[in-house]
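Visitor: I should like to take a close look at a single part of this structure, the place where the metal is held. Please describe it step by step, in terms suited to a first-year student.

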Amino acid sequence: MSAHRPERRALHDFIARHQRFLLTTHINPDGDGLGSEVALGLWLRSQGKDVRVLNDSTVPAAFRFLSRTLALEAFEPELAEQAFNEADALVVLDTSNRQRIGRLAPLLDRHMVAIAIVDHHVSHTRGFGQVNVIEPEASATGEIVYQLIRESGGEVTHEIAEALYVALMTDTGSFRYSNTDTDAHRMAAELLGLGLDPQRLYAQVHSHASAERMRFFGEVLSALELASEGRLVVLEAAPEQFQKHGLSGADTDGLVDLPRGIAGAEVVALFSEVEPGKTKVSLRSTGRVTIDHVASRLGGGGHPHAAGVMLHASRAEARAKVLPELTRLVDGLTQSAEPARE
Ligand code: AMP
Ligand code: MN
Ligand code: MN
């Protein structure tokens with residue numbers, strides 16, 4: 001399999017050449033970043049490698065169960081220095097954008113550590129590693145990790161399977177988004193065949209919302225706006241709303257996905273002004289237009305149908321930078337291509 005993919009071969013060689021691995025993923029880590037770390041880490045350990053995982057951010061409650069088998073440490077200056085001093089190789093998972101590893105990024109300039117990237121984002125496809133396994137056709141980074149383990153002849157243990165299933169389930173929106181394909185379902189079937197309980201894993205990930213978070217979602221959703229005859233859905237969250245409910249930026253996770261179900265919605269845009277003058281823009285397409293270029297033009301990135309960017313701007317300024325382009329995109333859809341509606 002890897003014979004057709006020179007970068008995968010290069011990654012297998014990279015792993016063989018190094019001994020002390022440090023793994024990391026993007027800020028505000030998700031199920032794919034964390035699941036990929038755990039799966040890759042456990043597999044490397046089974047090969048006698050030293051493994052440590054260090055991320056910019058702490059692990060959200062939903063994914064804490066993954067750290068039963070492998071410690072997932074969060075950035076602290078001394079801890080990070082020590083981790084980089086110990087390591088001879090860094091593997092960056094689920095992002096190929098240097099800025100997205102947060103406070104670990106500046107350490108790359110001071111430490112001579114070999115870098116490999118394993119990612120599936122369409123933006124930044126060049127990567128910043130010596131080895132860059134970047135495969136945008138993969139539904140999740142976990143899918144690439146799974147294939148790497150399989151093609152090396154390694155054993156997918158129950159713990160590895162669980163971490164990989166979480167990666168795949170979360171990045172496909174539980175097998176609902178446009179990145180869900182036969183490979184994703186085949187992989188899920190193979191993992192379930194190892195004895196996983198899909199209902200339990202779903203519940204483990206999706207039973208951590210607080211009541212305050214639901215109230216916040218409700219508030220934001222009740223103020224949703226429709227533009228371009230309902231093809232564009234716009235949501236806004238103000239700094240006072242985050243404050244009032246005692247929430248942070250990471251708490252908006254999942255919010256932008258909810259209005260996708262509105263009949264006729266093509267694109268959903270969420271403008272979260274986490275603190276005054278700092279707005280996280282989250283974009284989703286229901287499948288007919290691609291939106292990653294809108295985010296990457298402003299310094300962010302993502303996938304064709306799910307992308308984001310953090311802007312040093314107010315909500316109003318962020319809207320002005322993003323909405324005209326989204327409007328053009330959804331208005332450019334021809335009437336005839338629209339699915340029939342009642
Ligand atoms: P989100 O809206 O945060 O759920 O992100 C949607 C997708 O866009 C995910 O695949 C993210 O990895 C990616 N993404 C979000 N924010 C950024 C950013 N600032 N830079 C690059 N990619 C991003
Ligand atoms: Mn991710
Ligand atoms: Mn991912």
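Guide: Along the chain, the donors of the manganese ion (ligand 2) follow the spacing H-x3-D-x63-D. In this predicted model, those donors are His26, through NE2, and Asp30 and Asp94, each through OD, at 2.0 to 2.3 Å from the ion. Two of them, Asp30 and Asp94, are 64 residues apart and link distant parts of the chain. Asp30 belongs to the loop between strand S1 (20-25) and H2, whereas Asp94 belongs to the loop between strand S4 (89-93) and helix H4 (107-110).

The surroundings of these two residues can be described through their accessibility. Asp30 has a relative accessible area of 21% and is therefore partly exposed, since buried means under 20%. Asp94, at 1% relative accessibility, counts as buried.

Asp94 also leads to the second part of the site. This residue coordinates both the manganese ion (ligand 2) and the manganese ion (ligand 3), and the two ions are 3.7 Å apart. Asp94 thus appears in both donor lists, as a bridge between the ions.

The protein donors of the manganese ion (ligand 3) are Asp32 (OD), Asp94 (OD), His120 (NE2) and Asp171 (OD). These donors lie 2.1 to 2.2 Å from the ion, and their spacing along the chain reads D-x61-D-x25-H-x50-D. Here too, distant parts of the chain are linked: Asp32 and His120 are 88 residues apart. Asp32 is in helix H2 (residues 31-46), and His120 is in the loop between strand S5 (114-119) and strand S6 (131-134). Asp32 and His120 are both buried.

The loop that holds His120, between S5 and S6, also contains Gly129. Gly129 has a relative accessibility of 17% and so counts as buried. Leaving aside residues up to four places away in sequence, Gly129 touches Ile115 and Ile117.

One further donor, Asp171, can be placed by way of its helix. Helix H6 covers residues 158-171 and packs with helix H8 (residues 198-205) at an angle of about 65 degrees, the axes being 11 Å apart. H6 and H8 are therefore roughly perpendicular to each other, and their crossing is right-handed. On the side of H6 the contact is made by Glu162, Tyr165, Val166, Met169 and Thr170, and on the side of H8 by Pro198, Arg200, Leu201, Tyr202 and Val205. By type, the residues of this contact divide into 7 nonpolar, 1 polar and 2 charged.

Conventions: Residues numbered from 1 in each chain as written. Chains lettered and ligands numbered in written order. Predicted model: local features only at pLDDT ≥ 70, side-chain atom pairs only at ≥ 80, totals over all residues. Heavy atoms only, no water. Donors = N, O, S within 2.8 Å, 3.2 Å for Na, K, Ca; no water. Helix = DSSP H or I, 4+ residues; strand = E, 2+ residues; numbered from the N terminus. Buried < 20%, exposed > 50% of the residue type's maximum accessible area, 1.4 Å probe, protein only. Axes fitted to C-alpha atoms, helices over the stretch in contact; angles between N-to-C directions. Parallel < 35°, antiparallel > 145°, perpendicular 65-115°, else oblique. Left-handed = near helix turned anticlockwise from the far one by under 90°. Contact = heavy atoms within 4.5 Å. Nonpolar A, V, L, I, M, F, W, Y, C, P; charged D, E, K, R; others polar.
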